[in-house]
Amino acid sequence: MKAWPGVIEQYREFLPVSDRTPIVTLREGNTPLVPAPRLAEATDPSLSIYLKCEGFNPTGSFKDRGMTMAMSKALEAGSRAVICASTGNTSASAAAYAARAGLKAFVMVPKGAIALGKLSQAAIHGAKVLMVDGNFDQALSIVRQISETHPVTLVNSVNPFRLEGQKTGAFEVVDQLGRAPDYHLIPVGNAGNITAYWRGYREYQRAGRMSELPRMVGFQAAGAAPIYENRVIEEPRTVATAIKIGNPASWGPALEALKDSKGWIDIVTDEEILQAYRLLAREEGIFMEPASAATVAGLIKTVKAGRFESGATLVLTLTGHGLKDPDTALESASRPTTVPPAIDAVLAQLGL
Ligand code: F0G
């Protein structure tokens with residue numbers, strides 16, 4: 001079997017690269033599309049549910065698909081440094097790919113609202129990490145201004161190459177499933193990924209690789225739902241820190257994706273997110289971070305509302321790995337029990 005070359009080489013004909021583009025890759029992509037029969041059983045057994053497990057990318061989130069493109073193009077353009085604002089995953093990915101490319105990385109994250117794993121990734125890859133005493137939207141505004149006036153490439157998803165790379169998620173779903181799903185469910189934060197998936201599906205259809213387009217269904221956390229509420233949220237709040245965003249950069253394109261695909265956007269509460277988070281881990285053996293669980297929470301809510309027709313095929317993008325956020329996992333599960341090193345004491349705990 002040929003080794004997976006990473007998303008740029010795999011989907012070169014669909015991407016704005018040339019022979020002169022130095023490809024910066026960690027062999028991202030080719031993530032598993034896992035059937036979820038227990039989830040179907042728990043919601044509507046007539047549904048075919050598949051989980052696109054993006055947490056299995058090199059840095060543990062879907063951001064690597066966009067970062068391989070952004071970093072390759074930055075290097076091609078002669079850039080020496082990159083900058084981003086992030087709720088965590090973008091900064092982890094930017095730090096790793098910048099290290100790979102030999103570029104300096106500056107990342108800005110909201111203080112107190114970034115999961116531990118993500119922070120540790122940015123740090124160990126050698127990025128300069130700034131914690132802003134504010135939120136993601138404020139940090140993004142600052143790095144955008146800096147990138148306009150200083151010799152540093154912005155690698156947030158407002159960098160057009162990011163979404164180009166991320167659209168390969170849709171290509172893979174079609175390659176793995178043999179068709180597009182009837183519905184594609186996805187969490188929405190800065191709204192880049194929903195935009196990228198829709199672009200990917202449309203391009204694949206145009207290229208004759210699939211026929212029917214899916215309907216895109218986005219989910220925001222109830223305390224951070226600017227698109228759903230149609231207003232900027234000044235102080236977004238949610239346990240799913242990855243999507244704690246009040247003024248998404250790709251707001252307009254996301255609305256278009258929802259409209260063009262005859263899809264919709266909905267909200268899920270933190271309680272629903274945490275329930276889905278535990279369900280996914282316990283029933284399907286898949287540990288994804290809370291923002292990803294928002295999609296599963298959305299599935300449960302939507303099935304209850306009767307919005308999917310019987311027998312439909314659904315793909316859920318699970319955007320980031322559970323290990324990114326160990327604190328939330330430990331807070332959401334029962335704590336380990338300490339025992340002395342003695343068989344009787346251990347047996348007393350096991351109830352066998
Ligand atoms: N899920 C995870 C795990 C994320 O990290 C993000 C975004 C999203 C979903 C939402 O995707 O922004 O394209 O709508 N994280 C960004 C970051 C904002 O900085 O890591 P989106």
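Two strands count as paired if DSSP finds at least two bridges between them. Strands E1 (residues 33-35) and E2 (residues 48-53) meet that bar, with three bridges in the antiparallel sense. Keep in mind that this is a predicted model. Below is a quick tour, starting with the ligand and moving on to the strands.

**The ligand and its shell**

- There are 21 residues around the ligand, and the ones that come nearest are Ser-86, Asn-89, Asn-190, Ala-191 and Thr-319.
- Sorted by class, that shell has eleven polar, eight nonpolar and two charged residues.
- Two helices, H4 (89-101) and H9 (192-206), each chip in at least two residues of the shell.
- As for the space the ligand takes up, it's the largest cavity.

**Polar contacts to the ligand**

- Asn-190 offers a polar backbone atom 2.7 Å from an oxygen atom of the ligand.
- Gly-192 also uses its backbone: a polar atom there sits 3.2 Å from a ligand oxygen.
- With Thr-319 it's the side chain, where an N or O atom lies 2.6 Å from a nitrogen atom of the ligand.
- On its own the ligand would expose 480 Å², and the protein buries 98% of that.

**The four-stranded open sheet**

- Reading across this sheet, the order is E5-E4-E3-E6, and the pairing is parallel.
- E5 (128-132) and E6 (153-154) are the edge strands; each has a single partner strand, so one side of each goes without a neighbour in the sheet.
- Between E4 (residues 104-110) and E5 there are five bridges, in the parallel sense.
- If you want a spot to look at in that pair, Pro-110 stands opposite Val-132 in E5.

**Strand E2 and its partners**

- In general, strands of a sheet pair through backbone hydrogen bonds, either parallel or antiparallel.
- E2 pairs with E1 in the antiparallel sense, while E2 and E10 (residues 313-318) run parallel and are joined by six bridges.
- On the E1 side, Val-34 stands opposite Leu-51 in E2.
- On the E10 side, Tyr-50 faces Val-315 as its opposite number.

Conventions
Residues are numbered from 1 along each chain as its sequence is written. This is a predicted model: local features need pLDDT of at least 70, side-chain atom pairs count only at pLDDT 80 or more; totals for chains, interfaces and linings use all residues. Side-chain values use heavy atoms; hydrogens and water are left out. A residue is near a molecule or strand if one of its heavy atoms lies within 4 Å of it. A polar contact is a pair of N or O atoms within 3.5 Å; within protein, one must be able to donate a hydrogen and the other to accept it, and residues adjacent in sequence count only if both atoms are side-chain atoms. Accessible areas come from the Shrake-Rupley method with a 1.4 Å probe; for residues, only the protein chains shown count as cover. On a 1 Å grid over the protein atoms alone, a cavity is a set of points where a 1.4 Å probe fits but cannot get out, and a pocket is an open set with protein on both sides within 12 Å along at least five of seven lines; lining residues have an atom within 4 Å of a point. A molecule sits in a cavity or pocket if more than half of its atoms lie within 2 Å of its grid points. Ala, Val, Leu, Ile, Met, Phe, Trp, Tyr, Cys and Pro count as nonpolar, Asp, Glu, Lys and Arg as charged, and the others, Gly among them, as polar.
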